[in-house]
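Please take a moment to turn the model around before reading on. We will walk through it together, one region at a time.

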Amino acid sequence: MSTALLTVESLSKRFRGLKAVSNLSFTVPEGRILALIGPNGAGKTTSFNLIAGVFPPDEGSVTLKGTRLTGLKPNQVCAAGIGRTFQIVKPFGHLTVEENVMVGALARERSVEVARRQARALLERLEMADAAQRPARSLTLPDRKRLEVARALATRPTLLLLDEVLAGLRPTEVDRMVAVLRDLNRREGITILMIEHVMRAVMALSDHVVVLDHGEKIADGTPPEVVSDPRVIESYLGAEEA
Ligand SMILES: Nc1ncnc2c1ncn2[C@@H]1O[C@H](COP(=O)(O)OP(=O)(O)OP(=O)(O)O)[C@@H](O)[C@H]1O
């Protein structure tokens with residue numbers, strides 16, 4: 001049995017005339033991994049932004065463990081327990097890798113030394129300790145992606161939102177990141193909501209998948225259920241293979 005950690009209810013967002021997200025509802029059970037998939041422009045990142053408080057929804061609500069988040073600012077959503085990564089990775093390039101992670105830790109921690117220790121432990125965890133003193137701008141793409149995850153984790157989230165952290169990685173790097181995410185989920189109980197196009201990883205990691213198309217939810221089920229759903233094949237998977 002699992003209780004809902006995140007509940008998204010009837011969320012809608014329009015940009016001028018365009019319905020980016022339309023009447024979207026789903027729940028993320030505590031301790032689980034849920035993937036949000038769908039073609040480009042389906043409304044996935046907009047959904048993340050609505051959850052993370054980047055902009056308010058036109059309609060609907062977001063609650064985390066029963067606490068209503070709708071209308072809160074991003075820093076307040078972070079304080080409530082949601083950490084996120086961005087699709088376009090944007091570390092503070094002039095700061096070191098360790099300092100970048102400290103920025104996340106200082107969202108909760110006043111002591112710089114404690115924040116530094118937390119950052120080091122996280123970098124160790126993500127197998128990036130060797131790069132700790134390098135400027136973030138010198139990192140390769142896979143390392144930047146891992147730094148994004150470390151920065152988000154440093155805010156000590158109960159729910160981690162991952163926006164395409166596997167995009168652009170080679171298969172071996174994907175496998176490495178999948179192992180890290182699985183470990184965070186299984187060993188530390190971090191609940192994960194991830195936007196992902198790499199279907200191999202979606203199949204390997206997620207307990208549940210929500211499929212969006214044109215802002216609407218078109219399927220919601222286990223990975224095997226959604227990949228055999230004719231609507232999903234037609235709108236997304238078929239197109240991906242083409
Ligand atoms: N700030 C904005 N202003 C106007 N239109 C926007 C804005 N953000 C997103 N849109 C539009 O809303 C729709 C949904 O975009 P969104 O980025 O949420 O899709 P997505 O599923 O994340 O796509 P991708 O897989 O390409 O990242 C698109 O048509 C997009 O052009």
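**A walk through the model**

Let us begin at glycine 189, which directly follows α6 and adopts a positive phi of about 70°. Keep in mind along the way that this is a predicted model. The helix that comes just before this glycine, α6, covers residues 171–188, 18 residues in total. From its first C-alpha to its last, α6 reaches 25 Å, close to the 26 Å expected at 1.5 Å a residue.

Now move to another helix, α3, which runs through residues 97–105. How many of the nine residues of α3 are buried? Seven are, and the helix is mostly covered. The buried residues of α3 are Val97, Glu98, Asn100, Val101, Met102, Gly104 and Ala105. Among the elements covering them are α4, residues 112–125, and α5, residues 141–154.

The partnership of α3 with α4 deserves a closer look. Two packed helices are described by the angle between their axes and the distance between the axes. For α3 and α4, the angle is about 115° and the axes are 8 Å apart. The crossing of α3 past α4 is right-handed. On the α3 side, the contact is made by Val97, Glu98, Val101, Met102 and Ala105, while α4 contributes Ala115, Arg116, Gln118, Ala119, Arg120, Leu122 and Leu123. By character, the residues of this contact divide into eight nonpolar, one polar and three charged.

Next, find the ligand. Which residues surround the ligand? The shell consists of Phe15, Leu18, Ala20, Gly38, Asn40, Gly41, Ala42, Gly43, Lys44, Thr45 and Thr46. Two elements give two or more residues each to this shell: β2, residues 18–29, and α1, residues 44–52. The largest share, three residues, comes from α1. Sorted by character, the shell around the ligand has four nonpolar residues, six polar and one charged.

Let us finish with one member of that shell, phenylalanine 15. You will find phenylalanine 15 in strand β1, which spans residues 4–15. Is phenylalanine 15 buried or exposed? Phenylalanine 15 counts as exposed because it has 10 C-beta neighbours inside 10 Å, and a residue is exposed if that number is 12 or fewer. A useful landmark here is aspartate 58: phenylalanine 15 and aspartate 58 are 43 residues apart along the chain, and their C-alpha atoms are separated by 9.9 Å.

Note on methods. Residues numbered from 1 in each chain as written. Predicted model: local features only at pLDDT ≥ 70, side-chain atom pairs only at ≥ 80, totals over all residues. Helix = DSSP H or I, 4+ residues; strand = E, 2+ residues; numbered from the N terminus. Buried ≥ 20, exposed ≤ 12 C-beta atoms within 10 Å, placed from the backbone. Near = placed C-beta within 6 Å. Nonpolar A, V, L, I, M, F, W, Y, C, P; charged D, E, K, R; others polar. Contact = placed C-beta atoms within 7 Å. Expected span 1.5 Å × (residues − 1). Axes fitted to C-alpha atoms, helices over the stretch in contact; angles between N-to-C directions. Left-handed = near helix turned anticlockwise from the far one by under 90°.
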